[in-house]
Amino acid sequence: MSFHKQPKDDTQHQNHLDGAAKILGSDLQEEADRSGLDNHFQRWIEDLKDVNNPELHQIVVDMQELKAHFNGGAIDKDVVSRLLRRLGDNTTKAAVFAENPNTAERVVKLGDALSAAAKQVSGAQSSAEQDLKQDSAANS
């Protein structure tokens, strides 16, 4: 007997998007201390992979890095802020790939939540110059 994974429907994806936005809108340190955050990150990564769109590859890579960072113990707010900021930008751009308008709306809300979480983690709004400097240093 083989196991065949049932594809998720839009309602399940929308529920995951709503859940991710809710977590990002709360205290991230408190969420990081909860055991369910790892599972939520994994579901999010699986949802992205299920879409099978090469344009979403960087989001998957950043999500995997974020998940690994949260599992690594001490949280480096600069790394988390950089990843969340990039995820916010890329997630907002990815909304165009959603076939269902309700899903697209939730993807945009998630992108906004990621960007807001990046600001929460960094403790202040970053300027574009600081963003470029951090991205350059991270890619060196």
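Which residues line the largest cavity? In this predicted model, that lining is made up of Ala 20, Ile 23, Leu 24, Leu 28, Leu 37, His 40, Phe 41, Trp 44, Leu 66, Phe 70, Val 80 and Leu 84. Here's a quick tour of the fold, the cavity, the core and the salt bridges.

**Overall fold**

- We're looking at seven helices and zero strands, so there's no sheet to worry about under the strand criterion of at least two E residues.
- Reading along the sequence gives you the pattern α-α-α-α-α-α-α.
- The protein runs to 140 residues, and 36% of them count as buried.
- Take the contacts with a separation of 6 or more: 64% of them come from residues 24 or more positions apart.

**The cavity**

- Searching the whole structure turns up one cavity of 30 Å³ or more.
- The space in the largest cavity comes to about 80 Å³.
- H1, H3, H4 and H5 are the elements that each put two or more residues into the lining of the largest cavity.
- H3 chips in the most to that lining, with four residues.
- As for chemistry, the lining of the largest cavity splits into eleven nonpolar residues, one polar and no charged.
- The polar one is His 40, since the other names on the lining list all belong to the nonpolar class.
- If you're wondering how such a space gets spotted, rolling a probe the size of a water molecule over the atoms shows where empty space is left.

**The nonpolar core**

- The largest nonpolar core holds 29 residues.
- Inside that core, the residues with the most contacts are Leu 24, Trp 44, Met 63, Leu 66 and Leu 84.
- Five helices are listed as giving it two or more residues: H1 (10–24), H3 (36–51), H4 (57–71), H5 (77–94) and H6 (101–122).
- H6 supplies the largest share of the core, seven residues.
- Leu 24 is a handy residue to click on: leaving aside residues up to four places away in sequence, Leu 24 touches Trp 44, Leu 84, Leu 110, Ala 113, Leu 114, Ala 117 and Gln 120.
- Leu 24 also turns up in the cavity lining, along with Trp 44, Leu 66 and Leu 84.

**Salt bridges**

- The whole structure has four salt bridges, and three of them are described here, starting with Asp 18 and Arg 106.
- Side chains of opposite charge can pair when their charged atoms come close.
- Asp 18 pairs with Arg 106, and the closest N and O atoms sit 3.0 Å apart.
- That pair links distant parts of the chain, with Asp 18 in helix H1 and Arg 106 in helix H6.
- The two are 88 residues apart in sequence, yet 6.8 Å apart in space, C-alpha to C-alpha.
- Asp 18 is partly exposed because its relative accessible area is 34%, and Arg 106 is partly exposed too, at 23%.
- Arg 86 makes a salt bridge with Asp 62, where the closest N and O atoms are 2.7 Å apart.
- Since Arg 86 is in helix H5 and Asp 62 is in helix H4, this pair ties together parts that are 24 residues apart in sequence.
- Both Arg 86 and Asp 62 are buried.
- Arg 82 forms a salt bridge with Glu 65, and here the closest N and O atoms are 3.5 Å apart.
- Arg 82 is in helix H5 and Glu 65 in helix H4, so the pair ties together parts that are 17 residues apart in sequence.
- Arg 82 is buried, with a relative accessible area of 10%, whereas Glu 65 is partly exposed at 33%.

**A closer look at His 69**

- You'll find His 69 in helix H4.
- His 69 counts as buried because its relative accessibility is 16%, and the cut-off for buried is under 20%.
- Not counting residues up to four places away in sequence, His 69 touches Ala 74, Ile 75, Asp 76, Val 79 and Val 80.
- One of those partners, Val 80, is also part of the cavity lining.

Terms used: Residues are numbered from 1 along each chain as its sequence is written. This is a predicted model: local features need pLDDT of at least 70, side-chain atom pairs count only at pLDDT 80 or more; totals for chains, interfaces and linings use all residues. Side-chain values use heavy atoms; hydrogens and water are left out. A nonpolar core is a set of buried Ala, Val, Leu, Ile, Met, Phe, Trp, Tyr and Cys residues joined through side-chain atoms within 4.5 Å. Buried means under 20% relative accessible area, exposed over 50%, partly exposed in between (1.4 Å probe, protein chains only). Contact means heavy atoms within 4.5 Å. On a 1 Å grid over the protein atoms alone, a cavity is a set of points where a 1.4 Å probe fits but cannot get out, and a pocket is an open set with protein on both sides within 12 Å along at least five of seven lines; lining residues have an atom within 4 Å of a point. Grid points are joined across faces, edges and corners, and a volume is the space filled by probe spheres set on the points. A salt bridge is a side-chain nitrogen of Lys or Arg within 4 Å of a carboxyl oxygen of Asp or Glu.
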